[in-house]
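Here is a short briefing to read alongside the structure. It begins with the ligand site and then moves on to the sheet, the backbone and a few individual residues.

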Amino acid sequence: MTTELIKTVGVLGAGTMGNGIAHVFARAGFRVILRDVEKRFLDRGLETINKNLEREVKKGKLSEDDVPVVVARIKPTTEMAALAEADFVVEAVPEQLELKVRVLKEADAALKPGTILASNTSSISITQLAAQTSRPERFIGMHFMNPVPVMELVEVIRGLATSDETFHATMILCEGLGKKPVAVNDAPGFVSNRVLMPLINEAAFCVMEGVATPESVDAVMELGMNHPMGPLELADFIGLDVCVEILDVLHKGFGDPKYRACPLLRKYVAAGWLGRKSGRGFYKYA
Ligand SMILES: NC(=O)c1ccc[n+]([C@@H]2O[C@H](COP(=O)([O-])OP(=O)(O)OC[C@H]3O[C@@H](n4cnc5c(N)ncnc54)[C@H](O)[C@@H]3O)[C@@H](O)[C@H]2O)c1
């Protein structure tokens with residue numbers, strides 16, 4: 001599948017990342033088939049897309065007239081069979097190995113033979129996911145950053161069997177979305193989360209051990225290291241459940257205790273304090 005032949009893009013999952021991915025593809029002119037398991041998740045995703053497009057209008061990045069045109073390119077569906085029309089598919093379902101394997105197998109069976117299947121996983125092995133499908137050479141990691149419409153980076157991860165054709169098509173596709181793709185090889189957490197998650201984890205340990213409050217930890221990193229956002233505010237933004245899941249993948253993947261998730265992170269997740277999305281994490285949100 002060469003990039004010129006990619007006209008229709010399937011997105012699996014209309015959550016935080018899936019609706020952002022659908023947004024950027026539709027804005028770039030692609031037809032998008034957005035699939036989630038229930039209509040209410042699709043409605044919520046489309047509502048977010050509308051809100052974020054309006055935000056882009058206010059920033060002067062898009063004209064008001066473009067909003068309905070972009071939205072009309074997105075076809076919401078609960079049917080996996082609808083993906084049969086897609087030339088390229090990005091999976092963005094929750095970061096759970098068994099769920100991803102099940103969804104990818106279902107998608108693999110529904111897709112045309114030439115369609116490239118990409119996963120937005122933050123940390124699960126692309127090689128392992130690819131091996132569960134009938135198209136390991138047309139399988140790749142396409143790790144968008146949150147919020148997708150704003151962040152420039154896409155970490156493009158080659159699995160062991162990913163073909164050069166799939167890799168080049170994906171890199172060109174990212175550029176067509178106005179993104180900056182960076183190629184990395186398949187290893188737990190890739191580069192982004194292997195470096196970021198230990199930082200967030202250590203910040204959580206500082207709070208748990210009473211070294212400093214979340215505000216102080218974040219202030220040190222913002223004012224002293226010039227980070228635009230402190231690690232705990234960022235963790236709330238990503239979702240504390242997502243952070244714990246990624247740390248578990250790093251811990252298991254490397255077998256190194258330095259990746260052990262901070263017990264305070266686990267406690268917050270157990271309490272339902274998942275960060276921004278649940279209204280409370282290290283901080284409270286209105
Ligand atoms: N949140 C982040 O900051 C971030 C950043 C980069 C990558 N990621 C990765 O993106 C992926 C999605 O994360 P998210 O934060 O968007 O999760 P999310 O929970 O916000 O959204 C996941 C969506 O997938 C849907 N879903 C579940 N089963 C499905 C199925 N069988 N078919 C289709 N949809 C299904 C859910 O209903 C939900 O709407 C994960 O792999 C995560 O690691 C997340």
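In this predicted model, a polar side-chain atom of Arg35 sits 2.9 Å from a nitrogen atom of the ligand. Two more side chains offer polar atoms to ligand oxygen: Asp36 has an N or O atom 2.6 Å from an oxygen atom of the ligand, and Ser122 places a polar side-chain atom 2.6 Å from an oxygen atom of the ligand. The protein buries 89% of the 840 Å² that the ligand exposes when taken alone.

**The shell around the ligand**

- Helix H1 (16-27), helix H2 (39-58), helix H4 (97-110) and S6 are the elements that each give two or more residues to this shell.
- How many residues surround the ligand, and which are the closest? There are 23 of them, and the closest are Met17, Asp36, Glu95, Lys100 and Ser122.
- By residue class, the shell divides into 10 nonpolar, 8 polar and 5 charged residues.
- For anyone setting up a docking run, the polar distances to keep at hand are those of Arg35 at 2.9 Å, Asp36 at 2.6 Å and Ser122 at 2.6 Å.

**The sheet as a whole**

- The model has an open sheet of 8 strands with mixed pairing, and the strand order is S3-S2-S1-S4-S5-S6-S7-S8.
- Which strands form the edges? They are strand S3 (74-77) and strand S8 (180-185), each of which pairs on one side only.
- On average, and with direction ignored, neighbouring strands of this sheet are turned by 25 degrees against each other.

**Walking across the sheet from S4 to S8**

- Strand S4 (residues 88-91) is joined to S5 by 4 bridges in the parallel sense, and here Phe88 of S4 stands opposite Ile116 in S5.
- Strand S5 (residues 116-119) also runs parallel to strand S6 (residues 139-144), with 3 bridges between them. Leu117 has Phe139 in S6 as its bridge partner.
- From S6 to S7 the pairing is antiparallel, with 4 bridges, and Gly141 has Ile157 in S7 as its bridge partner.
- S7 and S8 are parallel again and share 6 bridges. One of the partnerships links Leu153 to Lys180 in S8.

**Both sides of S5**

- In a regular strand, side chains alternate between the two faces of the sheet.
- Which residues of S5 lie on each side? Ile116 and Ala118 are on one side, while Leu117 and Ser119 are on the other.
- All four of these residues are buried, so both faces of S5 are covered, given that buried means under 20% relative accessible area.

**Backbone points worth a check in your setup**

- The peptide bond from Asn146 to Pro147 is cis, with omega near -5 degrees. Pro147 belongs to the loop between S6 and strand S7 (153-158).
- Phe190 is not a glycine, yet it has a positive phi of about 50 degrees. This residue lies in the loop between S8 and helix H7 (192-208).
- Asn226 is not a glycine either, and its phi is also positive, at about 65 degrees. Asn226 is found in the loop between H8 and helix H9 (231-238).
- Are these two residues buried or exposed? Phe190 is buried because its relative accessible area is 3%, whereas Asn226 counts as exposed because its relative accessibility is 69%.

**Two helix residues**

- His23 is found in helix H1, one of the elements that give two or more residues to the ligand shell.
- With a relative accessible area of 1%, His23 is buried. The side chains of His23 and Glu56 are joined by a polar contact of 3.1 Å, which may be handy when you look at the histidine in your own preparation.
- Met225 lies in helix H8 (residues 214-225) and counts as partly exposed, at 46% relative accessibility.
- How far is Met225 from Val191? Their C-alpha atoms are separated by 20 Å, and the two residues are 34 residues apart along the chain.

How values were computed: Residues are numbered from 1 along each chain as its sequence is written. This is a predicted model: local features need pLDDT of at least 70, side-chain atom pairs count only at pLDDT 80 or more; totals for chains, interfaces and linings use all residues. Side-chain values use heavy atoms; hydrogens and water are left out. Two strands pair if DSSP finds at least two bridges between them. Axes are lines fitted to C-alpha atoms, for helices over the stretch in contact, and angles run from 0 to 180 degrees between N-to-C directions. A residue is near a molecule or strand if one of its heavy atoms lies within 4 Å of it. A polar contact is a pair of N or O atoms within 3.5 Å; within protein, one must be able to donate a hydrogen and the other to accept it, and residues adjacent in sequence count only if both atoms are side-chain atoms. Accessible areas come from the Shrake-Rupley method with a 1.4 Å probe; for residues, only the protein chains shown count as cover. Ala, Val, Leu, Ile, Met, Phe, Trp, Tyr, Cys and Pro count as nonpolar, Asp, Glu, Lys and Arg as charged, and the others, Gly among them, as polar. Buried means under 20% relative accessible area, exposed over 50%, partly exposed in between (1.4 Å probe, protein chains only).
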